[in-house]
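Work through these exercises with the model open beside you. Each task is followed by a stepwise solution.

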Amino acid sequence: MDFGMPFLIETCSQKECISLCRRLGLQFIEWNMNFPQCQPENFQAEMLREAGERENIYYTLHLEENINFSDFNQRVRRAYLDTALESIELAKKIGAPLINMHLAKGIFITLPDKKRYLFEEYSEIYHENMQKFRKECECAIGDADIKIAVENTDGFAPYEQEIIEELLKSPCFGLTLDIGHSHAAKNVDIPFYEKNRGRLIHMHAHDAAGAKCHLAFGDGEIDLRQRLLMAKEAGARVVLETKTVEALEKTRRYMEENFQDLC
């Protein structure tokens, strides 16, 4: 089972991040495209490929979190789609096997009795737009060994589960389980992941206490072994998704002391 690290705000450059990855004995880096350093135009693909071969590491990508492939404004939606297609081309250049994405819940209207999500209200348009997204990604990926994994955040609504099931009809798509997000949402998504266990290909692993996520292993209340075993059984790679170098180092030590059989 491969373990990796995210791009951290403390690692100011891609080279610095690569150095930290190797020092900690990890297998890959997930470039977070919310950062300016991780925009497609700022990647030196040849340098990254050479560094990967030299240091025996590889890379995955994390799309910007505010990306919305079903925005009702066609120009905005086109820009998001083009961003995804550009990321697929980048993944090909740097040999990244996976692109992680969040699923936008969209805008909601607050009524006296409840929130009404527009993607649920206008489900026909929502499904049509997401099917176009799936088809464009399939065409862009072609026969490349690249998958797009949908990550949970605060609990998938029923209309989101429906669209994920549509995406999973394509072999180009899979699932990311973020165990901290899941814990904060009282694990409401776990039955959905159990139902689609064969499509789990990626995991974001960090400890959590209540709704406080991205803690170092051992600083929260998650049954970490249970979740890592779930990843191992599925053949999923695991990002140790802390937010600081200190927490990442602590997590790595915790793994050596407690999970040598899984590493």
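**Exercise 1.** How many cavities of 30 Å³ or more does the count give?

*Solution.* The model is predicted. The count comes to two cavities of 30 Å³ or more. The largest has a volume of about 50 Å³. The second largest has a volume of about 30 Å³.

**Exercise 2.** Describe the lining of the largest cavity by residue, element and class.

*Solution.*
- Step 1, residues. The lining consists of I67, N68, F69, S70, M101, H102, L103, A104, F119, Y126 and M130.
- Step 2, elements. β4 (98-102) and α5 each supply at least two residues of this lining.
- Step 3, classes. The lining of the largest cavity has eight nonpolar and three polar residues, with no charged ones.

**Exercise 3.** Which residues line the second largest cavity, and how do they divide by class?

*Solution.*
- Step 1, residues. L63, A84, I88, I99, M101, F133, C137 and I148 line the second largest cavity.
- Step 2, elements. At least two lining residues come from each of α3, β4 and α5.
- Step 3, classes. Eight are nonpolar; none is polar and none is charged.

**Exercise 4.** Classify the packing of α3 against α5.

*Solution.*
- Step 1, what to read off. The angle between the axes and the distance between them describe two packed helices.
- Step 2, values. Helix α3 (residues 74-94) packs on helix α5 (residues 123-141) at about 25°, and their axes are 10 Å apart.
- Step 3, class. Angles under 35 degrees count as roughly parallel. α3 and α5 are therefore roughly parallel to each other.
- Step 4, hand. Their crossing is right-handed.
- Step 5, contacts. From α3 come R77, R78, L81, A84, L85, I88, E89 and K92; from α5 come N129, F133, E136, C137, A140 and I141. This contact has eight nonpolar, one polar and five charged residues.

**Exercise 5.** Repeat the analysis for α5 and α6.

*Solution.*
- Step 1, values. The axes of α5 and helix α6 (residues 158-167) come within 10 Å and cross at roughly 30°.
- Step 2, class. That makes α5 roughly parallel to α6.
- Step 3, hand. The crossing of α5 and α6 is right-handed.
- Step 4, contacts. Y126, H127, M130, Q131, F133 and R134 in α5 meet Y159, E162, I163, E166 and L167 in α6. By class, the residues of this contact are six nonpolar, two polar and three charged.

**Exercise 6.** Trace F133 through the solutions above.

*Solution.*
- Step 1. F133 is one of the α5 residues that meet α3.
- Step 2. F133 is also among the α5 residues that meet α6.
- Step 3. F133 is one of the residues lining the second largest cavity.

Conventions: Residues are numbered from 1 along each chain as its sequence is written. This is a predicted model: local features need pLDDT of at least 70, side-chain atom pairs count only at pLDDT 80 or more; totals for chains, interfaces and linings use all residues. Side-chain values use heavy atoms; hydrogens and water are left out. Axes are lines fitted to C-alpha atoms, for helices over the stretch in contact, and angles run from 0 to 180 degrees between N-to-C directions. Helices (H or I, at least four residues) and strands (E, at least two) are DSSP runs, numbered from the N terminus. Angles under 35 degrees count as roughly parallel, over 145 as roughly antiparallel, 65 to 115 as roughly perpendicular and the rest as oblique. A crossing is left-handed if the near helix is turned anticlockwise from the far one by less than a right angle, and right-handed if clockwise. Contact means heavy atoms within 4.5 Å. Ala, Val, Leu, Ile, Met, Phe, Trp, Tyr, Cys and Pro count as nonpolar, Asp, Glu, Lys and Arg as charged, and the others, Gly among them, as polar. On a 1 Å grid over the protein atoms alone, a cavity is a set of points where a 1.4 Å probe fits but cannot get out, and a pocket is an open set with protein on both sides within 12 Å along at least five of seven lines; lining residues have an atom within 4 Å of a point. Grid points are joined across faces, edges and corners, and a volume is the space filled by probe spheres set on the points.
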